[in-house]
Amino acid sequence: MAQKSQKKGFIDLHTHTIYSDGGLTPNGLIVKAKELGLIAVAIADHDNVAATEVALIKGAELGIEVVPSIELTAYVDEDMDFHILGYFINRRDRALRERLEFYQKEREEKSKKVVQNLNKFGFKIDFQEVKKLAKGTIAQPHLAYIVVNKADNSEKLIKEFGEVPSTGEFIREYLATGAKAYEPRTAASPDEAIELIHQAGGVAVLAHPCWNLTKKVGDKLVFDDGWIEKLVKMGLDGIEVYAHRENKEDTQKCIEHFEKIADKLKLVKTGGSDFHGFGSAGKELGFGDFYLKIPASVLEDLRARVKVEA
């Protein structure tokens, strides 16, 4: 575990707002964080930094530190991708903003194709519904939310899933990389994503390896650590060690495993709930619905890495 910081309290370094696939406005998220007693949050919207400006103002008002962040999707191939978190980025960096605008347009084109695929599978969904729901970057939860909450789809969903599934279940079956209705899009490669974050002055961290690099085979968790070493060679600075699986037992096993990997490879350890508050497989803000809590020391370790790299 990270060394103790002078600051005391809990934080959440992986949250989303309406500017990608979250349910709260930036102000709403900061107010909720204050209510929960958090002392710092990182808003890591997908391919979007628009929430940070607003959140920083509200954070200063309520005494909540807001860490400028982003979550970039990085494709390895059509069957595998990673999410790379960028912390303490310069949100006004020109190269970053230009690439983000490009990625958002690509997401829109991909979503149109996915809607067509879902229609072919018999699901009722229209792209204009997606556009109306998404306030910023279009992401998988927007499409899933419309499908699972539309009465016209209930009969088909119940027949296929046994009940109306959660958005997370629908995403895994139809929208995730390599799933039934999946469509690739032009996105960064892992090394490009890491370089883009570094150019914007940020620290590059692999999000939720407990999912992307971990499989459940029977009752056993199987880890694919080779990719972490490859990403480190590309410049990766850290891994999101403190993240959740389905239950406490598996979460603890993942944390213990990735703590060892981080120590071995001298990576900074971060953590967060992946809070969306909107049709998501993430946890509640600050892990309010889970045993796990992220101490302020984790943020201090991350901040120290920025100073080292600067």
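# Cysteines, cores and confidence

Colleague: How far is the sulfur of C254 from the closest cysteine sulfur?

Modeller: The closest cysteine sulfur to that of C254 lies in C210, too far for a bond, given that a disulfide is a pair of cysteine sulfur atoms within 2.5 Å. This is a predicted model, in which local features need pLDDT (the predictor's confidence in each residue, from 0 to 100) of at least 70 and side-chain atom pairs count only at pLDDT 80 or more, while totals for chains, interfaces and linings use all residues. Residues are numbered from 1 along each chain as its sequence is written, and side-chain values use heavy atoms, leaving out hydrogens and water. For the sulfur of C254 the distance is 5.2 Å.

Colleague: Is C254 buried or exposed?

Modeller: Buried means under 20% relative accessible area, exposed over 50%, and partly exposed in between, with a 1.4 Å probe and protein chains only. Because its relative accessibility is 1%, C254 counts as buried.

Colleague: How many residues does the largest nonpolar core have?

Modeller: A nonpolar core is a set of buried Ala, Val, Leu, Ile, Met, Phe, Trp, Tyr and Cys residues joined through side-chain atoms within 4.5 Å. In the largest one, L13, I84, Y87, L206 and I239 have the most contacts. Its residues number 58.

Colleague: Over which residues is the pLDDT below 50?

Modeller: The protein chain has a mean pLDDT of 92, and 96% of its residues reach 70 or more. The stretch with pLDDT below 50 has, beyond near neighbours in sequence, 14 contacts (heavy atoms within 4.5 Å) in the model, and it covers residues 1-5.
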